Amino acid sequence: MRKLLLYLIVISVGLIYTGRLSYLQLFNDVEVATNFLNDSAIKTEYTYPERGYVYDRNGTLLVANQPSYDVMVIPREVKEFNKAEFCKLLRITEEEFATKLEKAKKHSWRVPSVFVAQMAKRDYAYLQEKMHRFKGFYIQKRSIRNYQTDHGANVLGFISEVDDRDLKKNPYYQSGELIGRTGIEKSYENELRGVKGVKRIQKDIHNKVIGSYENGRLDTLPVNGKDIQITLDAKLQAYGEQLMVNKRGGIVAIEPSSGEILALVSAPSYDPDLLVGRQRSKNYSAMHYDSIRKPMYDRGLLAQYAPGSPFKTLNALVALQEGVITTQTTYTCRSGYYYGRSGRKMGCHCGSGKRNVINGVAKSCNAYFANAYRQIISKYDSPREGMNVWSDHIKSFGLGDYFGNDLSTGRKGRIPTGDYYTNNYFKHDKWHVLNTISNAIGQGQVELTPIQLANMTAAIANRGHYFTPHIIKKINGVSINNPHFTEPKHTTIDKQHFEPVIQGMHDVFSMKKGGTARWLNVPGIEICGKTGTAENFIKIDGERTQLTDHSIFVAFAPKDNPKIAIAVFVENGYYGARWAGKISSLMIEQYLKGEISLKAMEKLVLEKSLEEEYAKPLSGEPFTINE
């Protein structure tokens, strides 16, 4: 028994010593690594890696890197020097010098701070020769972006210095370092940034370097960021931005079979190179505070609009699924839909006559879809229940919520429910389907973003399913394998109900059938689409004022085995076929053929400016209203 006890004591002591040694080995390194900044005898130098390159879906280089040089300061090491000479070299005033130094002191007396950021190579070469005169200052080489394109700024995003919030949120970053702020630079920051190298240098009591700290045992080499390939087609993106010059709105094109985003245009946009170099801050402020044009506002992802007539396709599908109409069901249009005791009228431009679901879509008949919508809601015991059922169907197309994708921003849009109306407008369920009849034609409380409209179109093109829209294709040459992106999401509509709606969308381009886009055909391509015109209201001097209508168009092509689904939204663009429809046809031809045959249409769109329309709220000129 005594031998066993002695044996256990020896083993226990051995385990204690082993554990203690392991702790010292593992955790002392971490403690040293995290506390060395507070040790004045140790200087830390960082070697920054190359940020990952960005390529488009076809391998075209979009974003590379270029060297940049920051003037750094360690306040406690600053000695007396010729301030006037230093300021002249840096092209700053002595007042700016004092402000920058004070800011650095507030951050830390011992930790380096950026004093002047992103100097050009030519300035660095001249300054480097003289830096020995200015104690406490040194030059830190970094890598900043070098854009190989002047398009796609809203997709690519930009990088900028970390702020206090970043430093508190993530201990990886030090003051003066760069972080992705928007676009893919933000979404894929961890992949693109790489890992910085760290070198620790020991100093003596006279502040002279005596060698590497612990013989460099804690030093690390930098690891370059990963290259990424995005789904964007650079040529299509550039073409879309050209078509939207002097216009406002968004274009979103998606590959239906994958959910890959082919183009994501926001207009007006800007050259991404404006946010690189020493003028970055000035340029950013000018664009950020431009509250009229809003070039940094991504309309493709953030702008919520009434979808207008393209939304009728969903109401047709829900009505077919709920069994309240069939392909033989007809309603007569008498230049509009009359409803309510007072005989209110929802006007229509389809030309009057009997309409079924196919020619109702092709001619965009308001009366047909008002009747169909009313039948959907009235099928159930209460409008609230009917609206909830309707809403669930509509939301199955990816509407009314975030996609949860890899884009750095977005909005939910709005698909109202019966609960929404009861809670916000009509207490105690005292309301009728006619109170919400505008939803039948994509007005009312329905709001979508352009990317949601494009995804809705892709779901129709696929006959009932969609893939979450996303921007990443490969990381370091490896294709993505994220189930959220690669697995289809199915709508609540049975597949057979899509065919009559798709036929109606095909007839939109038919001259014989009198389709609303019959003048927008592309030779050799079967396109299915839907025109849209949405009323446009703002408040001017406190009064609700109707402006020129928005122009909307959705389409996919070819009809079978579609390669592209697109949504175009042109603010104040009159009716759907006028500008959005033309842009849609041109974008589809550019993507599928690689060249444009519709030269007259292209010239018309490229030369058209809507700036006069956008100035009308200030000029007092009358707006164009489509009655």
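Where does P558 lie? I began my notebook with that one, and I found P558 in the loop between β22 and β23. I should say at once that I am working with a predicted model.

**Entry 1: the cis peptide bonds**

I looked at P558 because a cis peptide bond joins A557 and P558. I read omega there as about -15 degrees. I then noted another cis bond, running from A267 to P268, with omega near 0 degrees. I placed P268 in the loop between β12 and α10.**Entry 2: the five-stranded sheet**

Both of those loops touch strands that I wanted to place next, namely β12 and the pair β22 and β23. I traced an open sheet of five strands in the order β12-β11-β23-β22-β21, with antiparallel pairing. As a reminder to myself, strands of a sheet pair through backbone hydrogen bonds, either parallel or antiparallel.

Which strands stand at the edges? I found β12 (260-267) and β21 (528-540) there; each has a single partner strand, so one side of each is left without a neighbour in the sheet. From one strand to the next, I got an average twist of 10 degrees.

How many bridges join β22 and β23? I counted seven between β22 (residues 543-557) and β23 (residues 564-570), in the antiparallel sense. As one register point, I wrote down that A555 stands opposite I566 in β23.

**Entry 3: helices on that sheet**

Next I checked what packs on the five-stranded sheet. Helix α17 (residues 450-461) does, touching β11 (249-255), β12, β22 and β23. The direction of α17 makes about 145 degrees with that of β23. Helix α20 (residues 580-593) packs on the sheet too, and I listed β11, β12, β22 and β23 as the strands it touches. For α20 I noted an angle of about 150 degrees with the direction of β23.

**Entry 4: the three-stranded sheet**

I then moved to an open sheet of three strands, in the order β1-β8-β9 and with antiparallel pairing. β1 (42-47) and β9 (209-212) stand at its edges, each with a single partner strand, so one side of each has no neighbour in the sheet. Here I got an average twist of 30 degrees from one strand to the next.

I followed the pairing of β1 with β8 (residues 197-203), which is antiparallel and runs over six bridges. Within it, T44 stands opposite R200 in β8.

**Entry 5: cavities**

How many cavities of 30 Å³ or more does the structure hold? I found five. I gave the largest cavity a closer look and noted a volume of about 210 Å³. It is lined by 13 residues, and Y48, P49, R51, L178 and R193 lie nearest its centre. The elements giving two or more residues to that lining are β5 (137-147) and α8 (189-193). By class, I sorted the lining of the largest cavity into six nonpolar, one polar and six charged residues.

**Entry 6: the second largest pocket**

Which residues lie nearest the centre of the second largest pocket? I wrote down K100, K103, V114, A117 and E161, out of 36 lining residues. About 1,200 Å³ of space lies in this pocket. I looked up the elements that give it two or more lining residues: α3 (94-107), β4 (113-119), α4 (121-128), β6 (159-161), α6 (164-169) and α10 (280-288). The lining of the second largest pocket has 13 nonpolar, ten polar and 13 charged residues.

**Entry 7: positive phi outside glycine**

I went back to strand β4 for Q118, which is found there. Q118 is not a glycine, yet I read a positive phi of about 55 degrees. Is Q118 buried or exposed? Its relative accessibility is 13%, and the cut-off for buried is under 20%, so Q118 counts as buried.

R463 gave me another case, with a positive phi near 60 degrees in a residue other than glycine. I located R463 in the loop between α17 and β17 (465-466). At 12% relative accessibility, R463 counts as buried.

**Entry 8: the whole chain**

I closed with overall values. I have 22 helices and 23 strands on my list for the protein. The C-alpha atoms fill a box of roughly 95 × 85 × 50 Å along the principal axes. Of the 627 residues, 52% count as buried. Among contacts with a separation of 6 or more, 71% come from residues 24 or more positions apart.

How values were computed
Residues numbered from 1 in each chain as written. Predicted model: local features only at pLDDT ≥ 70, side-chain atom pairs only at ≥ 80, totals over all residues. Heavy atoms only, no water. Pairing = 2+ DSSP bridges. Helix = DSSP H or I, 4+ residues; strand = E, 2+ residues; numbered from the N terminus. Axes fitted to C-alpha atoms, helices over the stretch in contact; angles between N-to-C directions. Contact = heavy atoms within 4.5 Å. 1 Å grid on protein atoms, 1.4 Å probe; cavity = no way out; pocket = protein on both sides within 12 Å on 5 of 7 lines; lining within 4 Å. Points joined across faces, edges and corners; volume = space filled by probe spheres on them. Nonpolar A, V, L, I, M, F, W, Y, C, P; charged D, E, K, R; others polar. Buried < 20%, exposed > 50% of the residue type's maximum accessible area, 1.4 Å probe, protein only.
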